[in-house]
Amino acid sequence: MELATASPSVIDLEKQYLLQNYARYPIVLTRGKGCYVYDTAGKRYLDLIAGIGVNALGYAHPRLTKVIREQAGLLLHSSNLYYHEYQGPLAQRVAQASGLDRVFFCNSGAESMEGALKMARAHGRKISPEKYHLISLENSFHGRTFGALSITGQEKYRRDFEPLLSGVHFVPRNDLTALEQVANDHTAAIVFELVQGEGGIYPLTSEYVRKARELADRYNALLIFDEIQCGVGRPGAYFSYQTLEPPILPDIMVAAKPLGCGIPLGVVAANERAAVSIGSGMHGTTFGGGPLACRVALEFFDILDTLMPHIREVGSYFRMRLHELQRRYSFIKEVRVFGLMIGVELDIPGKQIVLDAMEEGLLINCTHDIVLRALPPYTITEREVDKAIVLLNKALKKAKTTAS
Ligand SMILES: Cc1ncc(COP(=O)(O)O)c(C=O)c1O
């Protein structure tokens, strides 16, 4: 990848002054419109990663731009010492959409998971001091804070920070027997992503989720669904647990990413049984649920309601077009599409394909070295999917030539 499009001064400053924890791609983005972003050289990219699943309505959506402008001139932040006009209505909206009763707003995915874990620990502690164990999945990803990291089932993220929370048990995805063996009266919560995102776009079966629900009920534990990547409209429903047949309700659901469409916003939604574990003064956050973020999220929900059938249709269209590519390239092992959550598993490394796609003007990323991942804006059209397929095909063709 050439560095010609990047601004050296910005990159040099970051190299000198930032923690060197991110491996950035060498482009500097300045603006976006719809599903496209532009770099400092004016080069246009069709963006299928969309801020890692955050920019659900693409860039510069006129309705979001309007409410952000308006709210910026009224009230940006007021803290949780006082009421403002938007947190209550948004809480009602999230409760109705999720089928849960009470809501807590925060600022990110990891922070929402922290809230859920505190709820689980407080719930367990009320029953017995031994009831603090957490069950999570191998290959899962729940965030970088200590609690969320403790239940992230990937050694590479955890090892530098151990010891983490004790009492965490990892089980393989969709293995009913393993789950049954580890759950007991000491279990405070079972935590799942219904479709593992960072882990490579792997879904849980309805049967497995039903078993978890049954075990959580049997042992008076809480069932927590992490919908940070796989939820909030992306599956073509509000939340991915609503696409199971029949739907299975968690006790707690956490979401973030697309909720504020780029304004940081996370949420913990809980039924009364779980919510009662957090009393006055037990949890809080300065920025969470501010007027700007809540107003934007309310606007987003209004737009999302009209987009849901489109997400399902364009997701199916994307699946069909990716299957065409799969027939053309033998190194494409599997195509996994859940609404607009898309993984293309390869049997070669994906890194160079991502760089070549970028060169062609297409942004995707690669997770677990071999899974190309796309989390496009919900507004993407079939024409834009066609364009993405043309660009991806060019990158895949290069990979085929290199491989042969
Ligand atoms: C499933 C899942 N949970 C939690 C997180 C952490 O979210 P955040 O980066 O907003 O803290 C992520 C982020 O990628 C995620 O995909």
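Pro246 lies in the loop between strand 10 (222-226) and strand 11 (252-255) of this predicted model. The peptide bond that joins Glu245 to Pro246 is cis. Its omega is about -10 degrees. A cis bond also runs from Glu162 to Pro163, with omega near 5 degrees. Pro163 sits in a loop as well, between helix 7 (155-158) and strand 6 (168-171).

Backbone phi is positive at Asn220, a residue other than glycine. The value there is near 50 degrees. Asn220 belongs to the loop between helix 9 (206-218) and strand 10. Its relative accessibility is 31%, so Asn220 counts as partly exposed. Cys261 is not a glycine either, yet its phi is positive, at about 50 degrees. The loop that holds Cys261 runs between strand 11 and strand 12 (266-270). Cys261 has a relative accessible area of 13% and is therefore buried. The cut-off for buried is under 20%.

The cysteines form no disulfides: the structure holds zero. For Cys294, the nearest cysteine sulfur is that of Cys106, 11 Å away. Cys294 is thus in no disulfide. Cys294 is also buried, with a relative accessible area of 0%. For Cys366, the closest cysteine sulfur belongs to Cys230. The separation is 20 Å, which is too far for a bond. A disulfide would need the two sulfur atoms within 2.5 Å.

Ser112 is part of helix 5 (residues 109-127). Its relative accessible area is 0%, so Ser112 is buried. The side chain of Ser112 reaches the backbone oxygen of Gly109 at 2.6 Å. Gly109 lies within the residue range of helix 5. Beyond neighbours within four places in sequence, Ser112 is in contact with Cys106, Ile228, Val254, Ala255, Val267 and Val268. Of these partners, Val254 and Ala255 fall in the range of strand 11. Val267 and Val268 fall in that of strand 12. Cys106 appears again here: its sulfur is the nearest cysteine sulfur to that of Cys294.

Definitions and conventions
Residues numbered from 1 in each chain as written. Predicted model: local features only at pLDDT ≥ 70, side-chain atom pairs only at ≥ 80, totals over all residues. Heavy atoms only, no water. Buried < 20%, exposed > 50% of the residue type's maximum accessible area, 1.4 Å probe, protein only. Helix = DSSP H or I, 4+ residues; strand = E, 2+ residues; numbered from the N terminus. Polar contact = N/O pair within 3.5 Å; in protein donor to acceptor, adjacent residues only side chain to side chain. Contact = heavy atoms within 4.5 Å.
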